[in-house]
Amino acid sequence: METHFPIDDIYIYQPNLANYYYDKNWCERFKVIPKIDWKDQKFRKIINYVFEFVELEKNGNKLLEVKNKIIFFDQNWDPMPKYFDHLPSVLRFLLHKPYKKHKKESRFYDAKMEMFRIVANNCLNNEVMVKLHPRSPDDFVEDYKISECSMAKNLKVPWEVFMDNCSFKNNIWITVSSTALCTYKTAFCNHLEDIPMVFLYKIVYKDKMDFREDDEFFEKFQSRYPGSVFLPKTVEEFQEIYAKLVTKMSQRQ
C-alpha cells in the first residue's frame, strides 16, 4: 500500500494484532478505533442507512437472533470448470495456462469443501448454516446443499454490518481463514458470549501455499483469545476439537 498511497495514519481496532505492530516505520502511525457498542442505536441506524440494510426494520427494529447455529464461512475459490472434464487433447493443450490456473485454485476449493463435509456430517443434528462470501456466485449453493445445511441470506453487505444487527447465542463459527469472524471479538464491545471460532488454514493451505503471514496474525489472535480460538493442524485434530464443541452446543440447548 505504501508503494501506491501516501499513508500518514493507520486506523485499527487492535494494533497489537497487526503483523507490523513492532515495525518502527508503522507503529507511530496507529490510531485506535473505538469499539462498536451494541447498545448504540444511533450508530446502528446510521450504518444501516449507509449500507441500505433494512432487515432490522423488517424485524420491528429488534436485534436479529442467531441462536444454536454452526456457521461455516465460505471463501471465494472457484472449482474446476466442468468443461475441462471433456476437452479434446488439442484444446487441453491450447488451454494449458488457464487449466493450470484453475487447477491451482480448485485445490483450495476442494480442500475447503472437504472440511465442510466434516462439519455437516458430524453436527449431532445441530443446524449447519453457510454464509457465502459476498463475491461467491449463487451456484456455489448447489455444492454446499449436497450436505444437509441451510444457506444464510446472501446479503451484499459487510459481515460487520450484519453482526451489529444481531444477537448471537450458542454458535460455533468455522472458516478457512476469513478474518470477518475476528471482528466479532476485536471490533465490538459488550457482546453476549465468546463464540468459539475454528480456523482451518493450517490444513487447507498446507503444501499449497506459503501461509506464514496468515499464521503470524492468527497465532496472535489465538493468544489474545485462547479459550475460544482454535487453529487445528491436522484433520484429526479438527475432528476432535469440533466433536467437543458440538457436544457442548447440544448440552446448552
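Where is Gln75 found, in terms of the loop and its flanking strand and helix? In this model, which is a predicted one, Gln75 sits in the loop that runs between strand S4 (64-73) and helix H4 (89-94). Although it is a loop residue, Gln75 is buried, with a relative accessible area of 12%. Its side chain has two polar contacts that I would like to point out: a polar atom of that side chain lies 3.3 Å from the backbone nitrogen of Val176, and the side chain also reaches the backbone nitrogen of Ser178, here at 3.4 Å. Leaving aside neighbours within four places in sequence, the residues in contact with Gln75 include Thr175, Val176, Ser177 and Ser178, and among the others are Lys112, His133, Phe140 and Tyr205.

Tyr205 leads on to the aromatic residues. Across the whole structure, a search finds 29 aromatic pairs. One of them joins Phe199 and Phe218 in a tilted arrangement, with 4.7 Å from centre to centre and 40 degrees between the planes. Phe199 belongs to strand S9 (residues 197-199) and Phe218 to helix H10 (residues 212-224), so this pair ties together parts that are 19 residues apart in sequence. Both Phe199 and Phe218 are buried. Tyr201 and Tyr205 make another tilted pair, at 6.4 Å between centres and with 50 degrees between the planes; Tyr201 counts as buried at 0% relative accessibility, and Tyr205 counts as buried at 5%. There is also a cluster linked through ring pairs, which comprises Trp38, Phe53, Phe73, Trp159, Phe162, Phe168, Trp173, Tyr184 and Phe188.

Two of these aromatic residues come back when we turn to the nonpolar interior. The largest nonpolar core has 68 residues, and those with the most contacts inside it are Ile70, Trp173, Ile174, Phe199 and Phe238. Helix H5 (residues 96-121) supplies the largest share of this core, namely nine residues. A second core, separate from that one, has six residues, including Ile10, Ile12, Ala18 and Trp26. Over the ring of Trp26 sits the charged end of Arg29, 4.9 Å from the ring centre. Elsewhere, Lys185 lies over the face of Tyr225, at 5.6 Å from the centre of the ring.

Let me now take helix H2 as a single element. In H2, which spans residues 41-50, Arg44, Ile47 and Asn48 are buried. Seen down the helix axis, the buried residues of H2 fall within an arc of 100 degrees, so they line one face of the helix. The face turned away from that buried side carries Lys42, Lys45, Tyr49 and Val50, which are exposed. What covers the buried residues includes helix H3 (55-58) and helix H7 (159-164). At the N-terminal end, H2 is capped by Asp40, which has a side-chain oxygen 3.3 Å from the backbone nitrogen of Lys42. Just after H2, Glu52 takes a positive phi of about 55 degrees.

That brings me to the backbone angles. Which other residues have a positive phi although they are not glycine? Asn68 is one of them, with a phi of about 55 degrees, and Asn68 lies in strand S4. Leu124 likewise has a positive phi of about 55 degrees, but Leu124 is found in the loop between H5 and strand S5 (127-131). Leu124 is exposed, with a relative accessible area of 52%.

Definitions and conventions: Residues are numbered from 1 along each chain as its sequence is written. This is a predicted model: local features need pLDDT of at least 70, side-chain atom pairs count only at pLDDT 80 or more; totals for chains, interfaces and linings use all residues. Side-chain values use heavy atoms; hydrogens and water are left out. Buried means under 20% relative accessible area, exposed over 50%, partly exposed in between (1.4 Å probe, protein chains only). Helices (H or I, at least four residues) and strands (E, at least two) are DSSP runs, numbered from the N terminus. The arc is that of the directions from the helix axis to the C-beta atoms. Contact means heavy atoms within 4.5 Å. A polar contact is a pair of N or O atoms within 3.5 Å; within protein, one must be able to donate a hydrogen and the other to accept it, and residues adjacent in sequence count only if both atoms are side-chain atoms. A nonpolar core is a set of buried Ala, Val, Leu, Ile, Met, Phe, Trp, Tyr and Cys residues joined through side-chain atoms within 4.5 Å. Rings of Phe, Tyr and Trp (its six-membered ring) pair if their centres lie within 6.5 Å; planes under 30 degrees apart count as stacked, over 60 as edge-to-face and the rest as tilted. A charge sits over a ring if NZ of Lys or CZ of Arg is within 6 Å of the ring centre and within 35 degrees of the ring normal.
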